[in-house]
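Got your viewer open? Load the model, pick a cartoon view, and let's take a walk through it one selection at a time.

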Amino acid sequence: MVVILGAGLAGLAAAHQLGSRDVLLLERDEEPGGLCRSSRQAGFTFDRTGHLLHLRDPEIRRFVLELLPGGWAELHRSAWIASHGTLVPYPFQVNTSGLPLDVRLECLLGFVEALRSEQRAPSPPPPAPRPLAPDLPWLTVAPPAAPDEPSFQDWALRTFGAGFARHFFTPYNEKLWRRPLSQVTADWTSWSIPRPELADVLRGALAGSDKAFGYNPQFLYPREGGIDHLPRALAARLPKGVLRTNAPVAGLNAERRRVRLAVGETHEAEAVLATLPLPTLARLTEDLPAELRAAAARLAHISVRVVNLGVRGPAARPGAQWIYVPGPEAPYHRIGLPCALTPAMAPAGHHSLVAEIAFRPGEAPTPAESAAQTRRALIAAGLLGSERDVVFEQVLDIPEAYVVFDRARREALPALLRWYVERGVLPLGRYGAWDYLSMEDCLRHGRQAAAWVSARRAGRAATEPRRR
């Protein structure tokens, strides 16, 4: 038997790929999906913040389209950044034409100086992650950080210059990561932050850019509204009895691959696939060595408070899908406008707004304070006409939202993951691998984890003596 802990996208994809009744997929909540879930109340549909399918892998794309045939809308990104009293298109570094002249000059001169500094003394790129093991080329870790390795703050200054750092990269990322950026490493930036050429920056300062940058210029979203259509489609294709909800795990003996549930029953497995947050898995693991337990306790994360608002009337910014807010004028770092994805997200004559407020665990204001601050900031920004227009309000927290990339993570991760894998317990997915992974990455992790299980079975079969 293979036991899978957690029925988010990675766990569901692994169970689907294994395709056998000899699989037990355990989910602590009432429904599968992990954070890829939606709630429907008062005619509004709210995801657990923005979940959009940016697909680069043709195989994953085919897989997703087959799961929900005809059910996907293909959309073009309409993302914006609130800066200096206006909205400029994302990404900031190629779209400054709408900003004051002195800001554009500061950004341009800083970018040119960064290019010159790079030519005079090239800086090494952030270290590339390496495969954890030869049979796991997709499960990658970066080596421990060198003493002189640049921080994210250093990287932003060297890559984009002082102007871009001051007006966007520093305030936005300090608001998101909730710590000095000198404490954040830069090994997550290679795919997520586009670096343009000088000509692109100049064009963006003079006239704006019509060129697509970044990993997410196009994406898929369910036509009927609600990203939970994806995990529901996956769960519906599992053999009966594979998925078990309301089944929280209370303990794991990794050496024996024995999983103990909160209700008291135990299951021993040939392999355990663990999508639980890695620090949670470490706390549950009864035979984890003390030094690895201590290392796992140092892994940091950011929580996000979500304020969902159902609003009477049309949206103030028709077509805008989300807005980044780096400044201190609002508690949130990002605003989502779900009805720009599909009108099905709200009843007729209404729209919705989703505010995301990052906080360090244990440091959040009360939910009532967050909601009040959000409403006031939205009114000041012109995104909400009046508090009387709010017909529905919901505040919820995502305890583990973003993995913090720091030196403690780089130090702990290789040894921690290796210890589990050597015992036939495979951490995977965004939180199991403790990485910055997209939805596509999580689906790929699940499918590749299933292939790893199949290879282990084949290896054992090849080494067993044949029966005569």
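Which residue takes a positive phi in the hairpin of strand 6 and strand 7? Select H84: its phi is near 55 degrees, and the hairpin has two residues between the strands. Keep in mind throughout that you're looking at a predicted model.

**Stop 1: around the hairpin**

Stay here and colour the two strands. Strand 6 and strand 7 run antiparallel, joined by four bridges. Click on W80 and look across to strand 7, where P89 stands opposite. Now look for W80's bridge partner in strand 17, which is I323. Strand 6 (residues 79-83) pairs with strand 17 (residues 322-324) in the parallel sense, over three bridges. If you're wondering what holds such pairs together, strands of a sheet pair through backbone hydrogen bonds, either parallel or antiparallel.

**Stop 2: the seven-strand sheet**

Zoom out a little. The strands you just coloured belong to an open sheet of seven strands, in the order 7-6-17-18-19-16-20, with mixed pairing. Which strands stand at the edges? They are strand 7 (86-89) and strand 20; each has a single partner strand, so one side of each has no neighbour in the sheet. Try looking along the sheet to see its twist: on average, neighbouring strands are turned by 25 degrees against each other, direction ignored.

**Stop 3: the helix on the sheet**

Next, select helix 10. This helix packs on the sheet, touching strand 16, strand 18, strand 19 and strand 20, and its direction makes about 60 degrees with that of strand 16. Helix 10 covers residues 367-380, which is 14 residues. From first C-alpha to last it reaches 20 Å, close to the 20 Å expected at 1.5 Å a residue.

Show the side chains of S370, A371, A372, T374, R375, A377 and L378, which are buried. The buried residues of helix 10 pack against strand 16 (301-312), strand 18 (334-336), strand 19 (350-359) and strand 20 (390-403). Just after the helix, click on G382, another spot with a positive phi, here about 80 degrees.

**Stop 4: rings and charges**

Time to show the aromatic side chains. How many aromatic pairs does the structure hold? There are 19. Pick out F44 and F392: their ring centres are 6.3 Å apart and their planes are at 20 degrees, so this pair is stacked. F44 lies in strand 4 (residues 44-47) and F392 in strand 20, so the pair ties together parts that are 348 residues apart in sequence. Both F44 and F392 are buried.

Now add some arginines. The charged end of R305 sits over the ring of F359, 5.6 Å from the ring centre. Move on to R447, which lies over the face of F63 at 4.4 Å from the ring centre.

**Stop 5: buried or exposed?**

Switch on the surface and compare a few residues. Select E440 in helix 13 (residues 439-463). Is E440 buried or exposed? E440 has a relative accessible area of 1%, and anything under 20% counts as buried, so E440 is buried. Leaving out residues up to four places away in sequence, E440 touches L53, H54, L55, R56, D57 and I60.

L109, in helix 3 (residues 101-120), is exposed, with a relative accessible area of 60%. Draw a distance line from L109 to G161: the C-alpha atoms are 8.0 Å apart in space, while the two residues are 52 apart in sequence.

For H51, go to the loop between strand 4 and helix 2 (58-67). H51 is buried, with a relative accessible area of 14%. Setting aside neighbours within four places in sequence, its contacts are L35, C36, Y221, I227 and M439. Try a distance line to E106 as well: that residue is 55 residues from H51 along the chain, and their C-alpha atoms are separated by 34 Å.

**Stop 6: the three-strand sheet**

One last selection: strands 12, 13 and 14. These three form an open sheet in the order 12-13-14, with antiparallel pairing. Strand 12 (249-253) and strand 14 (266-268) stand at the edges, each with a single partner strand, so one side of each is left without a neighbour in the sheet. Here neighbouring strands are turned by 20 degrees against each other on average, direction ignored. Strand 13 (residues 258-261) is joined to strand 14 by three bridges. To finish, click on V259 and find H267 opposite, in strand 14.

Terms used: Residues numbered from 1 in each chain as written. Predicted model: local features only at pLDDT ≥ 70, side-chain atom pairs only at ≥ 80, totals over all residues. Heavy atoms only, no water. Expected span 1.5 Å × (residues − 1). Buried < 20%, exposed > 50% of the residue type's maximum accessible area, 1.4 Å probe, protein only. Contact = heavy atoms within 4.5 Å. Phe/Tyr/Trp six-rings, centres within 6.5 Å; stacked < 30°, edge-to-face > 60°. Lys NZ or Arg CZ within 6 Å of the ring centre and 35° of its normal. Pairing = 2+ DSSP bridges. Axes fitted to C-alpha atoms, helices over the stretch in contact; angles between N-to-C directions.
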